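Please read the following report alongside the sequence and the 3D view. It moves from single side-chain pairs to the whole chain.

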Amino acid sequence: LGGRQVVRLNNPRGLTIQNTITVTTTTETTLLAAAASTYHDLTLLVITNSSATAVRVDIRDATAGTIRKSYNIAANGGAVIPMQGYPWEQTAVNNNWTAQLSGAVTDIRITAQAVKNQ
């Protein structure tokens, strides 16, 4: 019998989730919804700002939780943040990932990709 081993980075396809949100106010907004008994470990964030106002984007791994990371996004700018090698681990199961702006703007788009772990 012949064969070969196939190695896929991160996880099987069915365990990858992603979502995109549009944020315009300072209200904390769910980026990735919680799942029962599951960690969502981030593998990629993409943030774009189509407004003429620079803004800070705070990322939390639980609603109303501790700010885990902040990104300053230039007016009409953006950022691609890959978590290469190791996903950004969520600290507890059953929690949302959220985003919150430092000020109101015309349009911030945030895309997150994560792997499910238990």
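A salt bridge is a side-chain nitrogen of Lys or Arg within 4 Å of a carboxyl oxygen of Asp or Glu. The model is predicted, so local features need pLDDT of at least 70 and side-chain atom pairs count only at pLDDT 80 or more, while totals for chains, interfaces and linings use all residues. Residues are numbered from 1 along each chain as its sequence is written, and side-chain values use heavy atoms, with hydrogens and water left out.

**Salt bridges**

By this rule there are four salt bridges. Three of them are listed here, including the pair Glu 28 and Arg 60.

| Pair | Closest N to O distance |
|---|---|
| Glu 28 and Arg 60 | 3.9 Å |
| Arg 56 and Asp 58 | 2.9 Å |
| Asp 107 and Arg 109 | 2.9 Å |

Glu 28 lies in the loop between strand 1 and strand 2, and Arg 60 lies in strand 4, so their salt bridge ties together parts that are 32 residues apart in sequence. Strands (E, at least two residues) and helices (H or I, at least four) are DSSP runs, numbered from the N terminus.

How covered are these side chains? Buried means under 20% relative accessible area, exposed means over 50%, and partly exposed lies in between (1.4 Å probe, protein chains only). Arg 60 is buried at 11%, whereas Glu 28 is partly exposed at 23%. Asp 58 is buried because its relative accessibility is 4%, and its partner Arg 56 is partly exposed at 35%. Asp 107 is buried at 13%, while Arg 109 is partly exposed at 41%.

**Strands and sheet**

The chain has zero helices and eight strands. Two strands pair if DSSP finds at least two bridges between them. In general, the strands of a sheet pair through backbone hydrogen bonds, either parallel or antiparallel. Here, four strands form an open antiparallel sheet in the order 2-7-4-5. Strand 2 and strand 5 stand at the edges with a single partner strand each, so one side of each has no neighbour in the sheet. Strand 2 pairs with strand 7 over three bridges; in one example, Thr 29 has Ala 99 of strand 7 as its bridge partner.

**Core**

A nonpolar core is a set of buried Ala, Val, Leu, Ile, Met, Phe, Trp, Tyr and Cys residues joined through side-chain atoms within 4.5 Å. The largest one has 24 residues, and Leu 42, Leu 45, Val 57 and Ile 110 have the most contacts inside it. Strand 8 gives the largest share of this core, four residues. Contact means heavy atoms within 4.5 Å. Beyond its neighbours within four places in sequence, Val 57 is in contact with residues including Ile 47, Tyr 71, Leu 101 and Ile 110.

**Two contrasting residues**

Asn 49 lies in strand 3 (residues 39-49) and is buried, with a relative accessible area of 3%. Glu 89 lies in the loop between strand 6 (78-82) and strand 7 (97-101), and it counts as exposed at 55%. Not counting residues up to four places away in sequence, Glu 89 touches Asp 41, Asp 61, Arg 68 and Trp 97.

**Whole chain**

Of the 118 residues, 34% count as buried. Among contacts between residues at least 6 apart in sequence, 78% join residues at least 24 apart. The C-alpha trace spans about 60 × 30 × 20 Å along its principal axes.
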